[in-house]
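This briefing covers one helix and one ligand site, taken in turn. Please keep the sequence and the structure open while reading.

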Amino acid sequence: MDTHSENPDLYTHIDEDNIAWLHFDKQNASTNVLSASVLEAFYDELLELVERAPRGLVILSDKSNGFIAGADVNEFTRLENHGQALSTIQRGQEVFDRLASLPFPSVAMIHGFCLGGGLELALACRYRVARDDRGTRLGLPEVRLGIHPGFGGSVRLTPLVGALHAMDLMLSGRTVDGRAAKRMGVIDHAVPERHLKVAARAMILNPPVPHRPGKLQALSNHAWVRPALARLFQHQVGKKARRDHYPAPYALIDIWQRHADNERSMMHAEAESVAELIVGPAAQNLIRVFLLQEQLKALGRQVDFKPRRVHVIGAGIMGGDIAAWCAYRGMQVTLADQSPERIAPAMKRAHALFKRRLKRTRPVQEAMDRLMPDHKGMGVERADVVIEAIFEDADAKRSLYQQLEPRMRDDAVLATNTSSIPLQELRSALSNPARLVGLHFFNPVAKMQLVEIVRDNETDAAVVARAIAFTRAIDRLPLPVSSTPGFLVNRILMPYLLEAVELENEGVPAAEIDRQALEFGMPMGPIELADTVGLDICLHVAENLGQHLGTAVPGRLRDLVNQGRLGRKSGEGFYQYKKGKAVKSGTSKGHHPNPDVSDRMILRMLNEVVTCLHEQVVDKADHLDAGMVYGTGFAPFRGGPLRYIETEGADTLLERLQDLEQRLGSRFKPAPGWETVSGFSDQP
Ligand code: NAI
């Protein structure tokens, strides 16, 4: 017998054993999310079930990609104040409390994504069973949105599995597969797909004693252990996120420390805390960044292009790592270079990547089997995508294209990973010049999610669409940019790096410069970043961009390169490196922090941001923020550089820029476009 609630996103079927199967199936969507209206419908459904008194309840999803991916993040942006947020969260808690107090057994039957509110719902069930494949991912990633679980998740998870496992999941936001979740005690059984229903049914027909944590796990929540553990958690979080930038994980630790032995007061504190966090600037900006990411992810969705085979030419730092990444993501890859010896180091790095990520022998071997060294270039004919990543030399690239084009399929994408040569200069060698597109990956490829999709007026739009679809197929974020010098990310990053070099040259200690950048929220200081990228590469890019954009290259950079101080790779650059780590001397006692340091670096970056927006390097202002966050790690809790300009006020920043221009010269000359930069965004 089926019952349909008024909301078409869920329905219940009662089978011959009187077991109720409640299906989530959000209409016109590929993924289940818990919007306010779905939660209400779920609540009503639970009330009806209580009346009907089935033998038990199994909650499942009809979506192929998973159970429930979380709350509806779009609704988070519409919360106007603490009061409204609090009542929304408390309502969610009530709904899940209703589930937790059902008078019959309940089972969450999980496959695929079970995240955030989805896992909180599962935790409110008496039992949980999940599929045991790698595609099943359970987690509480709320901290990544600047909040923590709010629908009773922290209250239910900590006693279930102990504080160490629970806090590990909630503070990192990481996801685990079914087997790992079973080991931790988050779920009761991890089983193959074909046994999933049987397992769920069995728990209703013969309900076991609900899971209890082991003795040590239970001990972790005791009042006298909590202060010491809380300090440990704070210390661990502190290595990754500062309290003033990312308050959510710290708030969660505080709540647990204070309330872990009183479920009701912890519930209350959880709701209060999320209500406060969610309307705060860090969460709103992180939510914005999440939605920007969704925007970029959506770009490739309409295109009917299913790439399977990739041919990469140039097995150097970039080509080698691009090939490895593609193989890791399931593509059949051939990797060419001038000789087998040049390909060997890339194969070694690929193996290390696969081992790190895939861990088990069989998947590692399968990934290695997908990556074929191919110094003769046999893979060209069959490839759906050909990526050129040879030396940054226009002549070499052109002559390579001449050999490649006649051998390529007509519908295959020809892409270059050039970081500075305009497509205009490269395509002349082709008989179909419109087919060349840029796929600008960043170093290190496995870590940097962004790929700039470089194109100009002459690029075939269908090729661009395919390049975007390919980028999504290997799970990277495509950012369409125009083929202007430095594209977007390097162009904006460069003035910031050069200003840092200027400051260092003026005598500001490198460690102090880096410290101020970290304080602003950058993931790594500019001096250490320059050393990491390699000062020779920085110099090359700076000279190249300098020519086009009229920026001077500091002599200090050239001097260091001439002395062979190339940064991390040569053991010395601005810093000395011991065992790969920069030796940073503390700032001397008499040193007064210079208030200009951070301003000078950040304002030069923002000035370039405004120029890029003005010159329409990106299609949409939002793309610029997304590009800077995902391409450079620009302080995510600030929501991107344009959001930062909006928060600080364009007028205020413009004044500071003018002041710097007067004191320090024309490199601070405000770019055209500052007058119109406010109110840019179409995203909350
Ligand atoms: P690399 O010097 O590490 O590797 C280049 C490889 O190409 C060498 O192994 C070389 O033997 C091979 N090669 C040269 N000519 C060839 C040909 N005709 N046929 C086959 N193989 C050939 O260079 P890297 O750093 O990997 O850069 C490659 C491209 O990626 C350049 O266009 C560069 O601008 C771009 N890029 C570099 C980034 C970086 O951080 N290194 C970042 C983004 C783009």
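What covers the buried residues of α23? The cover includes α20 (489–505), α22 (526–533) and α24 (555–562), where contact means heavy atoms within 4.5 Å. This is a predicted model, in which local features need pLDDT of at least 70, side-chain atom pairs count only at pLDDT 80 or more, and totals for chains, interfaces and linings use all residues. Residues are numbered from 1 along each chain as its sequence is written, and side-chain values use heavy atoms, with hydrogens and water left out.

**Helix α23**

- The buried residues of α23 (under 20% relative accessible area, 1.4 Å probe, protein chains only) are Leu 535, Cys 538, Leu 539, Val 541, Ala 542, Leu 545 and Gly 546.
- Because the expected span is 1.5 Å times one less than the number of residues, the 15 residues of α23 (535–549) should span 21 Å, and the 20 Å between the end C-alpha atoms agrees with this.
- Just after α23, Gly 550 takes a positive phi of about 75°.

**Ligand site**

- The ligand is surrounded by 19 residues, each with a heavy atom within 4 Å of it, and the closest are Met 318, Asp 337, Glu 392, Lys 397 and Ser 419.
- α14 (317–328) and β17 (436–441) each supply at least two residues of this shell.
- An oxygen atom of the ligand lies 2.4 Å from a side-chain N or O atom of Glu 392, and for Arg 342 the corresponding distance is 2.9 Å.
- Taken alone the ligand exposes 840 Å² (Shrake-Rupley method, 1.4 Å probe), of which the protein buries 82%.

How values were computed:
Helix = DSSP H or I, 4+ residues; strand = E, 2+ residues; numbered from the N terminus. Buried < 20%, exposed > 50% of the residue type's maximum accessible area, 1.4 Å probe, protein only. Polar contact = N/O pair within 3.5 Å; in protein donor to acceptor, adjacent residues only side chain to side chain.
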